[in-house]
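Grab a pencil and work through these exercises with the model open beside you. Each task comes with a worked solution, so try it yourself before reading on.

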Amino acid sequence: MMVALVATTAAMPAAAAPLRHDHPLIGIWRIMLPDSTCSETYRMRADGSTLVFSNEEVAESSFTISDQPDKNGFYKQVDTITKDNGKPDCSGDITKPGRAVTSYLQFNQSGTLFVMCVEPNLQRCIGPFIRVRGLRI
């Protein structure tokens, strides 16, 4: 079940930071909206940058993420939108650059799915984000 993810604006935007080569977030991820009419695709790169496709929107961001999960299996991520084409995303919103969002990611054991949560628990999360194989990042 998907619930709305509440965005929190951080005082300082995330600066891209390189990830270890085997970090589970590196790769391409897709999430399908519950009504199946729109999906979002995230290209998470090892240099700490992201390219997002959502409906008509194309956005870029920089992010930091913890190297290892906490004791409950969550990685803390801070993502800051750096560029946006000004077109609507799957929710019909237009994203403004400079917005920083903190979220907590938990991966399944095989690394093929993750959920994104408002806090480091499973109470308010969206997902699953599904790993897409075979496409270049």
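**Exercise 1.** Work out whether F107 counts as buried or exposed.

*Solution.* Start with the cut-offs: buried means under 20% relative accessible area, exposed over 50%, and partly exposed in between (1.4 Å probe, protein chains only). F107 has 16% relative accessibility, so F107 counts as buried. Try Y75 next: at a relative accessible area of 8%, Y75 is buried too.

A word on ground rules: this is a predicted model, where local features need pLDDT of at least 70 and side-chain atom pairs count only at pLDDT 80 or more, while totals for chains, interfaces and linings use all residues. Residues are numbered from 1 along each chain as its sequence is written, and side-chain values use heavy atoms, with hydrogens and water left out.

**Exercise 2.** Find the aromatic pairs and say how many there are.

*Solution.* Rings of Phe, Tyr and Trp (its six-membered ring) pair if their centres lie within 6.5 Å; planes under 30 degrees apart are stacked, over 60 edge-to-face, and the rest tilted. That rule gives six aromatic pairs. Take Y75 and F107: with 5.5 Å centre to centre and 90° between the planes, this pair is edge-to-face. It links distant parts of the chain, 32 residues apart, with Y75 in strand β5 (residues 75-84) and F107 in strand β6 (residues 100-107); strands (E, at least two residues) are DSSP runs, numbered from the N terminus.

Now go to F114 and F129, which are stacked at 4.5 Å centre to centre and 0° between the planes. Here the partners sit in strand β7 (residues 113-117) and strand β8 (residues 125-132), 15 residues apart. Both F114 and F129 are buried. Last step: put the rings together, and W29, Y42, Y75, F107, F114 and F129 form one aromatic cluster.

**Exercise 3.** Locate the disulfides and give the handedness of the link of C117 and C125.

*Solution.* Look for cysteine sulfur atoms within 2.5 Å of each other, and you get two disulfides. In one of them, C38 and C90 have their sulfur atoms 1.9 Å apart. The torsion about their S-S bond is about -70°, so that disulfide is left-handed. For C117 and C125 the sulfur atoms are 2.0 Å apart, and with 100° about the S-S bond the link is right-handed. Both C38 and C90 are buried, and so are both C117 and C125. Number the bonded cysteines in sequence order and the pairing reads 1-2, 3-4.

Terms used:
Helices (H or I, at least four residues) and strands (E, at least two) are DSSP runs, numbered from the N terminus.
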